[in-house]
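User: I would like to learn how to read empty spaces and helix packing in a protein model. Could you take me through it step by step?

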Amino acid sequence: MPTATSPPNFVLRHPTPDELTYIRTLHAACWAGPLTVSQYLSREVHIASTPLTRNGGLAQWVLVDSLSGQVLASCETIRKVAAMSNPPIDGQKVVPVEEVVAHGIGSVFTPPECRGKGYARIMLTLLGERLKYHNGEAAGFSALYSDIGKEFYTKLGWLPHRSSHIDIPVPSVPASPTTNTPHVEPLYHGDIASLCALDIAAVKAKLSTCNPKPRIAFLPDHETIDWHHNREEFIASCVRPTSGVPKVKGAIARDGLRWIMWGRDFNLDDPKLYILRVVNLGDQVGLAADMDAMLRAAVDEAAKWGLKKVCVWNPDQGLVESAKRVAGSEVQVEDREMDSIASLMMYGEAKAGSGVEDVEWVFNEKFGWC
């Protein structure tokens, strides 16, 4: 058995088809959730064929002992489109916004017999360097969402950023519609692309405003949202085969200036509806009433699917107050310390500053997770 003290023997490369099946079969025990192993393997193939992940958008990686051929650790990366801006210079009132390539890292896994030997550390160290310039493209940054706390990835250069959420409890029976809130309409698959285009423009406008720190953001493009929806639809077809495809993808206020997009998590232990993205293109007039109505729509949708809560990542104070009006004062912001810790590694000139004191991660919401 090779050890982590002999890194010259280790190679970071893409897996063969057989290696990929072997890896996925092993980590099904960690991430299959309500799916059988066969269903999990099919899901992985399915979500590797979405517009976001096909044609090289998804890359699989393995650390292999070059002497024995043994797979020591594995992970995957998804190429995403992001935006960056820097602090103003020479009295700038509006700063340039650069569209960049970024990589989301996920499914970091070590086979049980290889654990405790530092193989994941070696793999990620090599990967962090490789992603700076991958497939002929320079990257602005990479990010991951740690489920093992903050320390391990911090030592490797991915520094933790705000990772908080609220859980809105869902009653077993959907509440009756109220009459004193603005009307909201459901969002469907065909609505998403045009709204994402509007959202991207708003994100870039936000980044163009003056700020004392550099800013980065994953762009909430249609391909990214569609990946989440493809994932939930496949899982629903396996675990809720008689319920049909989850058609409602979010809710939009009557004036079309505010909307939320969501996705369903059918995990047996903690089923929930995640708010992928919260958008407000309007001013403060009517904001609270619209947010209340949209959150009520989310709660009702979660109840229809038997989900126990609605989860919102990194909510602002206005959204927290809306959640309390919808579900009561027991709704509280929770700061995660162990799971889904948003962690960032900057590349290029800004590489030395990847922490919250160095760079602002704007719109760090669930849509960015992978």
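Analyst: Start with residue classes: Ala, Val, Leu, Ile, Met, Phe, Trp, Tyr, Cys and Pro count as nonpolar, Asp, Glu, Lys and Arg as charged, and the others, Gly among them, as polar. By that rule, the lining of the second largest cavity divides into four nonpolar, one polar and two charged residues. Keep in mind that this is a predicted model.

User: Which residues line the second largest cavity?

Analyst: The lining consists of Glu44, Ile47, Thr53, Leu58, Glu76, Ile78 and Trp227. H2 and S3 are the elements that give two or more residues to it. The volume of this cavity is about 30 Å³.

User: How is such a space found, and how many cavities of 30 Å³ or more does the structure hold?

Analyst: The general idea is that a probe the size of a water molecule, rolled over the atoms, shows where empty space is left. Here there are two cavities of 30 Å³ or more. The largest has a volume of about 60 Å³.

User: Which element gives the most to the lining of the largest cavity?

Analyst: Helix H1 does, with four residues. Among the residues of the lining are Leu20, His27, Trp61 and Ser107. Glu44 and Glu76 line the largest cavity, and Glu44 and Glu76 also line the second largest one. By class, the lining of the largest cavity has four nonpolar, four polar and three charged residues.

User: What about pockets? How much space lies in the second largest pocket?

Analyst: About 830 Å³. Of its 36 lining residues, Val278, Asn314, Asp316, Phe363 and Glu365 are the closest to its centre. Strand S13 gives the most to this lining, with five residues.

User: Now the helices. At what angle do H2 and H6 pack?

Analyst: The angle is about 155 degrees, and the axes are 10 Å apart. Angles over 145 degrees count as roughly antiparallel, so H2 is roughly antiparallel to H6. In H2, the contact residues are Gln39, Ser42, Arg43, His46 and Ile47. Those in H6 include Trp227 and Phe234. Ile47 and Trp227 also belong to the lining of the second largest cavity.

User: And how do H7 and H8 lie relative to each other?

Analyst: They pack at an angle of about 60 degrees, with their axes 9 Å apart, and are therefore oblique to each other. Their crossing is right-handed. Met291 and Leu295 of H7 are among the contact residues, as are Leu319 and Val326 of H8. By class, this contact has seven nonpolar, one polar and three charged residues.

Technical notes:
Residues numbered from 1 in each chain as written. Predicted model: local features only at pLDDT ≥ 70, side-chain atom pairs only at ≥ 80, totals over all residues. Heavy atoms only, no water. Axes fitted to C-alpha atoms, helices over the stretch in contact; angles between N-to-C directions. Parallel < 35°, antiparallel > 145°, perpendicular 65-115°, else oblique. Left-handed = near helix turned anticlockwise from the far one by under 90°. Contact = heavy atoms within 4.5 Å. 1 Å grid on protein atoms, 1.4 Å probe; cavity = no way out; pocket = protein on both sides within 12 Å on 5 of 7 lines; lining within 4 Å. Points joined across faces, edges and corners; volume = space filled by probe spheres on them.
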